[in-house]
Amino acid sequence: MPTPEDLTNCSRQTWMAVLSQASSDQLASRMAMLDPLPSYRCLRPPETGLTMVRGRAGGTGQVFNLGEMTLTRCVVVMGEEPDAVTGFGYVAGRDKQQAERVAVCDALLQQDSWQAVLLQQVIAPLQQLAANYRATVERQTAATQVDFFTMLRGE
């Protein structure tokens, strides 16, 4: 579990990764625990499209187009000018509500009055769930590991 110091140093890149990789149900249940959220409007309503996924041979080689994947994005604005905050949400798949939730969380996390609450009640638990899932997958994978060895022929 992240310490309070870890959470105060949490970058936007970190919280966006956590939010975009969380399941819709996980994020919805964490957001339901928050006080009534401030109002917002959609600058760009949730929309689904395709994006090109690119890769590198060996992680460092030439860039190549791997293929397309479905992506849903949303942009919300919270507050009034000149203090308005823009939140962005990008999620893999077609879940429009999930993209909107991510955008709302991003906008809230940019506000000092909401940041500590969301880091503690949303981001930290989602990070813990993701870590638990990764640990489970690693244990399952390790259980199926096969060690190969070569016997020396006596010639």
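I count two residues as in contact when heavy atoms lie within 4.5 Å. The model I am reading is predicted.

**Entry 1: Leu126**

I began with Leu126, which is found in helix H5. Is Leu126 buried or exposed? Its relative accessibility is 4%, so I put Leu126 down as buried. Leaving out residues up to four places away in sequence, I listed what Leu126 touches: Val18, Leu19, Ala22, Gln26, Leu27 and Arg30. I also took a distance from Leu126 to Thr70, which is 56 residues away in sequence. The two C-alpha atoms are 23 Å apart.

**Entry 2: Val18**

Val18 was on the list for Leu126, and I looked it up next. Val18 is found in helix H2. Its relative accessibility is 14%, and Val18 therefore counts as buried, the limit being under 20%. Which residues does Val18 touch, not counting those up to four places away in sequence? I found Ile123, Leu126 and Gln127. For a long distance I took Val18 to Thr150, 132 residues along the chain, and got 43 Å between C-alpha atoms.

**Entry 3: H3 against H5**

Gln26, Leu27 and Arg30, which touch Leu126, lie in H3. I therefore went through the packing of that helix on H5, where contact means heavy atoms within 4.5 Å. On the H5 side, the residues that meet these three are Gln121, Val122, Pro125, Leu126 and Leu129. Sorted by class, the contact of H3 with H5 has five nonpolar, two polar and one charged residues. The helices pack at an angle of about 145 degrees, and their axes are 9 Å apart. I noted the crossing of H3 past H5 as right-handed.

**Entry 4: Helix H4**

Does the length of H4 fit its residue count, and what span should I expect? H4 covers residues 96–109, which is 14 residues, and at 1.5 Å a residue it should span 20 Å. The end C-alpha atoms are 20 Å apart, which agrees.

At the N-terminal end of H4 I found a cap, Asp95. A side-chain oxygen of Asp95 lies 3.2 Å from the backbone nitrogen of Gln97.

How many of the 14 residues of H4 are buried? I have eleven, and I noted H4 as mostly covered. The buried residues are Gln98, Ala99, Arg101, Val102, Ala103, Val104, Cys105, Asp106, Ala107, Leu108 and Leu109. The elements that cover them include three helices, H2 (12–21), H3 (24–32) and H5 (112–143). They also include strands S1 (40–56), S2 (63–78) and S3 (85–92).

**Entry 5: Gln115**

Gln115 lies in helix H5. I noted Gln115 as partly exposed, because its relative accessible area is 23%. Neighbours within four places in sequence aside, Gln115 is in contact with Trp15, Leu108 and Leu109. A polar atom of the Gln115 side chain lies 3.2 Å from the backbone oxygen of Leu109. I also checked Gln115 against Cys105, ten residues apart in sequence, and got 9.3 Å from C-alpha to C-alpha.

**Entry 6: Thr72**

I then moved to strand S2, where Thr72 lies. Thr72 counts as buried because its relative accessibility is 0%. What does the side chain of Thr72 make a polar contact with? One partner is the side chain of Thr48, at 3.0 Å. A polar atom of the Thr72 side chain also lies 2.6 Å from the backbone oxygen of Gly93. Setting aside neighbours within four places in sequence, I have Thr72 in contact with Glu47, Thr48, Gly89, Tyr90, Val91, Gly93, Arg94, Asp95, Lys96 and Ala99. Asp95 in that list is the residue I noted as the cap of H4.

**Entry 7: Met69**

Met69 lies in strand S2. Its relative accessible area is 32%, and I therefore noted Met69 as partly exposed. Outside its neighbours within four places in sequence, Met69 is in contact with Gly49, Leu50, Thr51, Val53 and Ala92. Met69 and Ala92 are 23 residues apart in sequence, and their C-alpha atoms are 7.5 Å apart in space.

**Entry 8: Pro82**

Last, I looked at the loop between S2 and S3, where Pro82 is found. The peptide bond that joins Glu81 and Pro82 is cis, with omega about 0 degrees. I noted this bond because most peptide bonds are trans.

How values were computed: Residues are numbered from 1 along each chain as its sequence is written. This is a predicted model: local features need pLDDT of at least 70, side-chain atom pairs count only at pLDDT 80 or more; totals for chains, interfaces and linings use all residues. Side-chain values use heavy atoms; hydrogens and water are left out. Helices (H or I, at least four residues) and strands (E, at least two) are DSSP runs, numbered from the N terminus. The expected span of a helix is 1.5 Å times one less than its number of residues. Buried means under 20% relative accessible area, exposed over 50%, partly exposed in between (1.4 Å probe, protein chains only). A polar contact is a pair of N or O atoms within 3.5 Å; within protein, one must be able to donate a hydrogen and the other to accept it, and residues adjacent in sequence count only if both atoms are side-chain atoms. Axes are lines fitted to C-alpha atoms, for helices over the stretch in contact, and angles run from 0 to 180 degrees between N-to-C directions. A crossing is left-handed if the near helix is turned anticlockwise from the far one by less than a right angle, and right-handed if clockwise. Ala, Val, Leu, Ile, Met, Phe, Trp, Tyr, Cys and Pro count as nonpolar, Asp, Glu, Lys and Arg as charged, and the others, Gly among them, as polar.
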